[in-house]
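Here is a walk through one model, by question and reply. Look at the structure, then read on.

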Amino acid sequence: MNCLLSIKNLNKTFDSKDEKICAIEDISLDINEGEIIGIVGTSGCGKSTLLNIIAGLIKQTSGTCTFSKDSPKISYMLQSDALLPWKTVLENATLGLDLMHIKTEESVKEVKKMLKEYGLKDFIDKKPASLSGGMKQRVALIRSLAIKPDILLLDEPFSALDYYTRLTISNDVQRLIKKTKTTTIIITHDIAEALCFADRVVVLSSRPSKVKNIYDLKFPKNLNFIEKRTLPEFNNMYNVIWRDLDVKI
Ligand SMILES: Nc1ncnc2c1ncn2[C@@H]1O[C@H](COP(=O)(O)OP(=O)(O)O)[C@@H](O)[C@H]1O
Ligand SMILES: [Mg+2]
């Protein structure tokens, strides 16, 4: 497998007026092309910081993040990825193409096809206000994928959704990502979500974040998220990661 992103000995310390906060300590990780990596860690451990560094939004204190290609296209989808309320669903979904000046008849056609496939056929010309929370997340995801990114970064993308919506939307989103073979890093504090979504799960320690363990998941392919959750080995992995996280309750 070809490595797309190589993270080596990454460190990040925030230097505020009265204290230094070390968020990331010596993280090394290789991410392969087409792979979905799930990153789990407790709240405040440094997950978003790691993603922000990969996206180039903030600078690391030391270490490197190297892409195997020049000027990689990065899509970054946040928890509450607001759609523009005055634009239609189609206009929102093609916004990235617009901003990058790569909108063509062909690319718009592809976006329409994705919208239709993912239950948004009747909403293409409607405004986001008429969509449910889950539908909005689907539009945001389609917008992120429309530019054909080299890597897709998802920071707790479903945490604003209720439990049942979350299950179906995350399943749909994962299918779409797999279909487009987009290399993806998804951050979540939900172990089950990471296990359903990812090919490999990276467990981070509490702050400062270090890589505690990496698990290569071998669940049978083509199972949906509900089916995956019923596998005995799913439960075993869940318990192993739960122990890794070492949450005190
Ligand atoms: N800009 C910043 N300045 C100072 N501290 C920060 C900044 N951004 C994040 N932090 C701190 O770094 C730690 C990790 O934050 P974050 O990466 O957002 O955690 P997570 O996403 O895992 O919940 C937290 O203690 C947070 O308060
Ligand atoms: Mg975060």
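**Helices, sheet and ligand shell**

Helix H9 has 14 residues and reaches 20 Å from its first C-alpha to its last, close to the 20 Å expected at 1.5 Å a residue. The expected span is 1.5 Å times one less than the number of residues. Helices (H or I, at least four residues) and strands (E, at least two) are DSSP runs, numbered from the N terminus.

This is a predicted model: local features need pLDDT of at least 70, side-chain atom pairs count only at pLDDT 80 or more, and totals for chains, interfaces and linings use all residues. Residues are numbered from 1 along each chain as its sequence is written, while chains are lettered from A and ligands numbered from 1 in the order in which they are written.

Visitor: Which residue with positive phi follows H9?

Guide: Look just past the end of H9. Phi there is positive, near 55°. The residue is aspartate 246.

Visitor: In what order do the six strands of the open sheet run?

Guide: Strands pair if DSSP finds at least two bridges between them. The pairing in this sheet is mixed. Its edge strands, E5 (74-77) and E9 (211-216), each pair on one side only. The order is E5-E6-E7-E3-E8-E9.

Visitor: In E7, what is the bridge partner of isoleucine 151?

Guide: Strand E6 covers residues 151-155, and strand E7 covers 183-188. They pair in the parallel sense over five bridges. The partner of isoleucine 151 is threonine 183.

Visitor: At about what angle does helix H1 run to E6?

Guide: Axes are lines fitted to C-alpha atoms, for helices over the stretch in contact, and angles run from 0 to 180 degrees between N-to-C directions. Contact means C-beta atoms, placed from the backbone, within 7 Å. H1 (residues 47-55) lies across E3, E5, E6, E7 and E8. Its angle to E6 is about 155°.

Visitor: Which strands of the sheet does H9 touch?

Guide: H9 spans residues 232-245 and packs on the sheet. Its direction makes about 25° with that of E8. The strands touched are E3, E8 and E9.

Visitor: Which residue in E2 stands opposite aspartate 15?

Guide: Strand E1 (residues 3-15) and strand E2 (residues 20-32) run antiparallel, joined by nine bridges. A hairpin of four residues links E1 to E2. Opposite aspartate 15 stands lysine 20.

Visitor: Which element gives the largest share of the shell around ligand 1?

Guide: The shell holds 13 residues, the closest including Phe14 and Lys47; a residue is near if its C-beta atom, placed from the backbone, lies within 6 Å. E2 and H1 each supply at least two residues. The largest share, three residues, comes from H1.

Visitor: Which residues of H6 are buried?

Guide: Buried means 20 or more other C-beta atoms within 10 Å of a residue's own, exposed 12 or fewer, and partly exposed in between, with C-beta atoms placed from the backbone. Helix H6 covers residues 163-179. Among what covers its buried residues are E3, E6 and E7. The buried residues are Arg166, Leu167, Ile169, Ser170, Val173 and Ile177.

Visitor: Is lysine 181 buried or exposed?

Guide: Lysine 181 is found in the loop between H6 and E7. Its C-alpha atom is separated by 9.0 Å from that of isoleucine 36, 145 residues apart along the chain. Because lysine 181 has 10 C-beta neighbours inside 10 Å, it counts as exposed.

Definitions and conventions: Two residues are in contact if their C-beta atoms, placed from the backbone, lie within 7 Å.
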